[in-house]
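The following exercises concern the burial of residues in a protein model. Each consists of a task and a solution worked in steps.

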Amino acid sequence: MIVGLTGGIASGKSTVTNMLRGLGAYVVDADVWARRVVEPGTEGLREIVETFGKDMLLPDGTLNRRALGALVFHNEAALQRLSAITHPRVREGMRRETEAYLREHPNMPVVWDVPLLFEGETRRLVDTTILVYVDENLQLARLMQRDGLTEEEARARIRAQMPIDEKRKLADYVVDNRGTLEETREQVAHIWRTLRNSTAGEV
Ligand code: ADP
């Protein structure tokens with residue numbers, strides 16, 4: 001069983017991921033694959049350079065993220081072309097990593113850590129979903145605090161995602177991270193036990 005884990009920015013997804021790892025969960029990280037598929041020597045990087053030009057490379061041959069970011073920012077068509085290059089490769093990498101783990105641990109859940117699970121196509125590939133939830137005011141406060149942002153900057157980042165209250169309606173499990181870390185840990189342990197029990201009998 002593949003379990004999609006998501007949140008809103010600064011809702012506590014990384015915190016919960018660490019808790020799940022502590023409980024023995026295997027976590028496949030979409031951000032790790034997003035970096036991997038554009039490393040030097042990959043097809044992904046080659047296609048980016050073919051599509052957007054050599055300016056997308058730094059002198060050492062790695063991806064110039066700043067240049068690419070500036071290019072796709074406010075340019076929906078370019079962003080779509082970039083996504084068409086990277087997203088299928090990210091999903092394929094996650095699928096292969098999952099298969100390798102499940103060969104050794106066939107009756108364990110696998111957690112897919114995906115920041116934009118409900119915004120993108122990955123939702124179709126997971127069997128169940130967990131949302132790490134805080135209300136928008138707390139999200140704003142924790143984001144400003146963690147990243148040292150002004151209220152305006154933090155609001156802009158939150159606005160770029162699906163509102164967390166909408167995600168809440170779509171999720172199968174919700175971890176309410178408005179309380180203490182200990183309260184969150186208890187909810188995470190409970191959900192993990194439920195998921196373990198439901199996969200224990202699977203082959
Ligand atoms: P995400 O991965 O969703 O962006 P993080 O796990 O980094 O979010 O959490 C955002 C910030 O809020 C971090 O600074 C983290 O330490 C803090 N935080 C997370 N959960 C709690 C909590 N239950 N109580 C207080 N602070 C928290």
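**Exercise 1.** In this predicted model, determine which residues on the other side of helix α1 are exposed, and which residues of α1 are buried.

*Solution.*
Step 1. Exposure requires over 50% relative accessible area; Asn18 and Gly22 are exposed on the other side of α1.
Step 2. Burial requires under 20%; within α1 (residues 13–22), Lys13, Val16, Thr17, Met19 and Leu20 are buried.
Step 3. The buried residues span an arc of only 160° around the axis, which places them on the same side of α1.
Step 4. Among the elements that cover these buried residues are the strands β1 (2–7), β3 (110–113) and β5 (173–176), together with α9 (181–200).
Step 5. Directly after α1, Gly24 adopts a positive phi of about 100°.

**Exercise 2.** Locate the largest nonpolar core with respect to domain 1 and domain 2.

*Solution.*
Step 1. The largest nonpolar core comprises 47 residues; Leu20, Ile48, Phe52, Leu68, Met94, Val111 and Trp112 have the most contacts inside it.
Step 2. Helix α5 (residues 76–104) makes the greatest contribution to this core, namely six residues.
Step 3. Both domain 1 (1–25 + 109–203) and domain 2 (32–107) supply residues to this core, and therefore it lies between them.

**Exercise 3.** State which residues Ile48 touches, not counting residues up to four places away in sequence, and how many residues form another core, apart from the largest one.

*Solution.*
Step 1. With that exclusion, Ile48 touches Val38, Gly53, Met56, Leu63, Leu68, Leu82, Ile85 and Thr86.
Step 2. Another core, lying apart from the largest one, has six residues, including Ala10, Leu143, Leu149 and Ile158.

Key: Residues numbered from 1 in each chain as written. Predicted model: local features only at pLDDT ≥ 70, side-chain atom pairs only at ≥ 80, totals over all residues. Heavy atoms only, no water. Core = buried A, V, L, I, M, F, W, Y, C linked by side-chain atoms within 4.5 Å. Buried < 20%, exposed > 50% of the residue type's maximum accessible area, 1.4 Å probe, protein only. Helix = DSSP H or I, 4+ residues; strand = E, 2+ residues; numbered from the N terminus. Domains from an automatic or database assignment. Contact = heavy atoms within 4.5 Å. Arc of directions from axis to C-beta.
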